[in-house]
Structures are given as structure tokens and as C-alpha cells.
Amino acid sequence: MRVIVTGGAGFIGSAVVRHLVLDKGYEVLNIDKLTYAGTLSSLASLDNQANHRFLQADICDRNAIQEAFDTFRPDRVMHLAAESHVDRSITGAADFVQTNVIGSFTMLESARAYWNTLAGDAKAAFRFLHVSTDEVYGSLGENGLFTETTPYDPSSPYSASKAASDHLAKAWTRTYGLPVVVSNCSNNYGPYHFPEKLIPLVILNALHGKSLPIYGSGSNIRDWLYVEDHARALDLIAERGAIGETYNVGGRNERRNVDVVTRICELMDKFRPQGKPHSQLIEYVADRPGHDARYAIDATRLETELGWKALENFDTGIEKTVRWYLDNEWWWQPLRDGYDGRRLGLLQGEVPKKS
Ligand code: NAD
Ligand code: DAU
């Protein structure tokens, strides 16, 4: 099996690449631009693996991407490369439109040109997995879950750009017959997560005795999934998902943000006691503009049709994650030197509110 993975130096992409290379023994061509969010250190465990090749390229570069298809000749594509941080998309959306929309368009067009050169079984078996987010569905109220038929209603520049790319992906099946499958997943957490996102940011700030910023009231809810469970789900969807269909991925682990931060504080009290509770570092700050209230995924289709099951729940996964950050300073310190955790995504003139 020969697989092109885009964004394989990022958080989820590197988990996917490690899974495909080490557990499945696939031949992987990992294409990544190495933006601020991508680092080859996340792939250090693959250093001696002949079945992993890395290509530094921009997914918007049609010539580079077409050449990669034509020379590597994949059986499958797993497209994860994206600008992924909501707060950064509020500060400036240009890179999000460029990479998430134009980059996805370029991937689809390159795949289509390559797929059109295939014949017989190779053409029938080819798959393009477009990896997306539950944020395309917008915000839930107190009840209900996102299903595969929930209408799109994105709130942020990030989620709007992902929604646009999902529509392109579906259109490439309907119009050109390209065998695309789409996945929409809830919030991931785990090792190698860039420390701008809530969980790694809070772990490192707690470690360094810095304030733990909670946006708004802290009552916003996210549905957390351990990243390795997502990686296995993506492999399964690429393998067995039906062409032109969507699969929601989620761990059935809804938590309020304040409860996530409090749990991390409890674990830090246990592993790195400071004489006073880490929860004293919590600070309620100005809310995120357009902050979605609640996400929650109904993963029934993935569970019943494809037989996927998450191996971690939030309690086991968050403990593993906190331990991983405490044990792997070599990985996060260079990233933390480049980005110190300062607040992103406030509108002009807005200042973080003190509690
Ligand atoms: P990430 O920001 O950690 O990694 C993104 C990777 O893409 C980086 O390695 C970066 O260098 C690369 N990249 C960015 N622009 C590129 C370009 N123009 N060309 C080539 N490479 C480029 O993101 P992530 O959290 O791993 O998310 C991966 C995918 O999964 C994204 O499509 C995201 O929308 C989706 N997703 C993320 C989550 C989550 O909770 N993190 C949940 C659901 C879906
Ligand atoms: O739902 C899937 C999405 O999850 C992915 O598509 C995105 O790529 C990924 O970044 C994530 O988006 P969120 O915006 O939910 O993740 P983030 O970690 O930025 O924020 C999680 C919640 O915590 C959200 O309600 C905002 C809040 N928050 C975030 C930060 C960074 C805080 O309260 N304080 C913070 O400092």
C-alpha cells in the first residue's frame, strides 16, 4: 500500500504517519510545508524507516504536488495539511483561505489528473481521504449531537475555510467521479500537540507557573478524542469508507473547558506538586470572538458500519498526555521558544479580561 499523507509533520498527521509506517508497514510519502506548526522532530521515531519518505512542499504548488503524484504513484491519499488554529484565523485569515481552500483544490486537481491515468483495479481501488473537522457544523445548544447530515454552519474563518474545502471534495466526486471520502472529527489531544491549543498550552503554562487562560465563562464544551484513536479511524475510513460519503469521528467525551483545565491542574498537583494547587493559576479572560458553545459528535456510523472503537477515554488519555509533556521537554522546548503562549485571536483594541 502506497499512501501520500499531507500535513504529516503536524499533530494529527504525524500520528497518522507513525501508525501507517510502524504499525501497518505501508510506504508513505509525507508532504509538508513545515510551517510554524510542522516539525520533523515529531517523526524522530521514524528515522531508520525506509518506508517513510519526506517531501517539503506547499500543497498550493501544483507542479510540486503533481510531480509527487506522478513519481510516487499512490494507491491512496490522506489529506490533512491545513492551517488549524481558530485563534490565528481570527487574527488573519489569508493563510487559511490559501492553504485550506486553494491547497485542497490543488490536491484534488492533482489527484484527479493522476487518477485519470490509472486503469482497471488500480483506478477502482484509489481513494482520496479529505480530513476535516466537526467545526463545519457550527455550534450545538445544550442537547443533540452532530451527525453526518447536520447542515453546515461554520462560525470562524478557520471552520469556514474547512467547510469550503469539504464542499470542493464532495463536488470532485459528484462531477468528476474522483473517489473521495470525507471525515469530520472533534477535538483531538495527545502527544506532539503544538502548544497553542488549550490542552498543551495549559500543561506547559502550569509547569512554568504561568496563568491558565480560560476564555469567557469556561462553560464551552468540546468532545475530546485521543489523537491515536483518530489516526486509526482515518486509516479505517480510507480503507473501507464509501465513496462520496462522510464519517464523523468523536470520542463521546464531552467536557466543559473549565473542567478540562481543572483536571490538568489536579494531575499537575500529583506529578509536579508546587505546595499550592495549580488551579490557583486559572484566569478568566476575554472570550474568543464567535466562540462556539458546544461540539459533540455522534460516531454511530463509524462504529457500526466500519467497526471503529476509541481505545482511550478522557481520563486515561489526559493522564497519558500530561505525563508525555512532562517527559518530552526535548520536543516542546524549541516550539515554546518560538511561541511563548501569548494570547492570539483578539479583535483590535480588546484586552484580556482579568477575573
Ligand atoms: P497542525 O496545525 O498540527 O498541522 C498541520 C500541518 O500541515 C503542519 O505540519 C503544517 O506544516 C502543514 N501545512 C500547513 N500548511 C501547509 C501547506 N500549505 N502545504 C503543506 N503543508 C502545510 O494541524 P492538526 O491539528 O494536525 O490538523 C490536521 C488536520 O486535521 C487539519 O486538516 C485539521 O483541520 C483537521 N482536524 C484537526 C482537529 C484537531 O483537533 N486538531 C480535529 C479535527 C480535524
Ligand atoms: O473541533 C475540532 C477542532 O478542534 C479542530 O478542527 C481545530 O483544528 C482544533 O484547533 C480544535 O479547535 P478549538 O478551537 O476547539 O481548539 P482550542 O484548543 O483552540 O480551544 C479549545 C477550547 O478551549 C475552545 O472552546 C477555546 C478554549 N480556549 C482555548 C485556548 C487556546 C481557552 O479557554 N483558552 C485558551 O487559551
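Which residue forms a salt bridge with R252, and how far apart are the closest N and O atoms? The partner is D298, and the closest N and O atoms of the pair are 3.8 Å apart. D298 sits in the loop between β13 (282-285) and α10 (300-306), while R252 sits in the loop between β11 (246-249) and β12 (254-256), so this salt bridge ties together parts that are 46 residues apart in sequence. D298 counts as buried because its relative accessible area of 18% is under 20%. R252 has a relative accessible area of 43% and is partly exposed. The model described here is predicted.

**Salt bridges**

Side chains of opposite charge can pair when their charged atoms come close. The structure holds 21 salt bridges. The table lists three of them, with the distance between N and O atoms for each pair.

| Pair | N to O distance |
|---|---|
| R112 and E109 | 2.9 Å |
| D298 and R252 | 3.8 Å |
| R263 and E266 | 2.8 Å |

The pair R112 and E109 lies within helix α4 (residues 94-115), where the two residues are three residues apart, about one turn of the helix. E109 has a relative accessibility of 15% and counts as buried.

The pair R263 and E266 lies within helix α9 (residues 257-271), again with a spacing of three residues, about one turn of the helix. R263 is partly exposed, at a relative accessible area of 27%. E266 is partly exposed as well, at 40%.

Salt bridges also join residues into a network, whose members are K24, R76, D235 and E239.

**Ligand 1**

There are 28 residues around ligand 1, and those that come nearest are I12, D32, S84, Y158 and K162. Several polar atom pairs link the protein to ligand 1. On the backbone side, an N or O atom of G10 lies 3.0 Å from an oxygen atom of ligand 1. A polar backbone atom of L34 is 3.4 Å from an oxygen atom of ligand 1. The side chain of D58 contributes an N or O atom that is 2.9 Å from a nitrogen atom of ligand 1.

On its own, ligand 1 has 840 Å² of accessible area, and the protein covers 97% of this. Two or more residues of the shell come from each of the elements α1 (11-23), β5 (127-133) and α6 (157-176). Among the elements, β5 gives the most, with three residues. By class, the shell around ligand 1 divides into 13 nonpolar, 11 polar and four charged residues.

**Ligand 2**

Around ligand 2 there are 22 residues, of which T133, D134, Y158, R288 and H291 come nearest. Y158 is thus among the nearest residues for ligand 1 and also for ligand 2.

Oxygen atoms of ligand 2 take part in polar atom pairs with the protein. A backbone N or O atom of S84 lies 2.7 Å from an oxygen atom of ligand 2. The side chain of N187 places a polar atom 2.8 Å from an oxygen atom of ligand 2. A backbone N or O atom of L198 lies 2.8 Å from an oxygen atom of ligand 2. Taken alone, ligand 2 exposes 690 Å², and the protein buries 94% of that.

The elements α7 (198-207) and β8 (212-215) each supply at least two residues of the shell around ligand 2. The largest share, three residues, comes from β8. The shell around ligand 2 has nine nonpolar, seven polar and six charged residues.

**E83 and R53**

E83 is found in the loop between β4 (76-79) and α3 (86-91). Is E83 buried or exposed? With a relative accessible area of 9%, E83 is buried. Not counting residues up to four places away in sequence, E83 touches T35, Y36, D95, F96, T99, N100 and Y158. Y158 also belongs to the residues that come nearest to ligand 1. The C-alpha atoms of E83 and A37 are 8.3 Å apart in space, with their positions 46 residues apart in sequence.

R53 has its place in strand β3 (residues 52-56). R53 is partly exposed, with a relative accessible area of 39%. Leaving aside neighbours within four places in sequence, R53 is in contact with R2, E27, V28, L29, N30 and F72. For one of these, V28, the C-alpha atom is 6.2 Å from that of R53, although the two residues are 25 residues apart along the chain.

Note on methods:
Residues numbered from 1 in each chain as written. Chains lettered and ligands numbered in written order. Predicted model: local features only at pLDDT ≥ 70, side-chain atom pairs only at ≥ 80, totals over all residues. Heavy atoms only, no water. Helix = DSSP H or I, 4+ residues; strand = E, 2+ residues; numbered from the N terminus. Buried < 20%, exposed > 50% of the residue type's maximum accessible area, 1.4 Å probe, protein only. Contact = heavy atoms within 4.5 Å. Near = heavy atom within 4 Å. Polar contact = N/O pair within 3.5 Å; in protein donor to acceptor, adjacent residues only side chain to side chain. Areas by Shrake-Rupley, 256 points an atom, 1.4 Å probe, with all protein chains shown as cover. Nonpolar A, V, L, I, M, F, W, Y, C, P; charged D, E, K, R; others polar. Salt bridge = Lys/Arg side-chain N within 4 Å of Asp/Glu carboxyl O.
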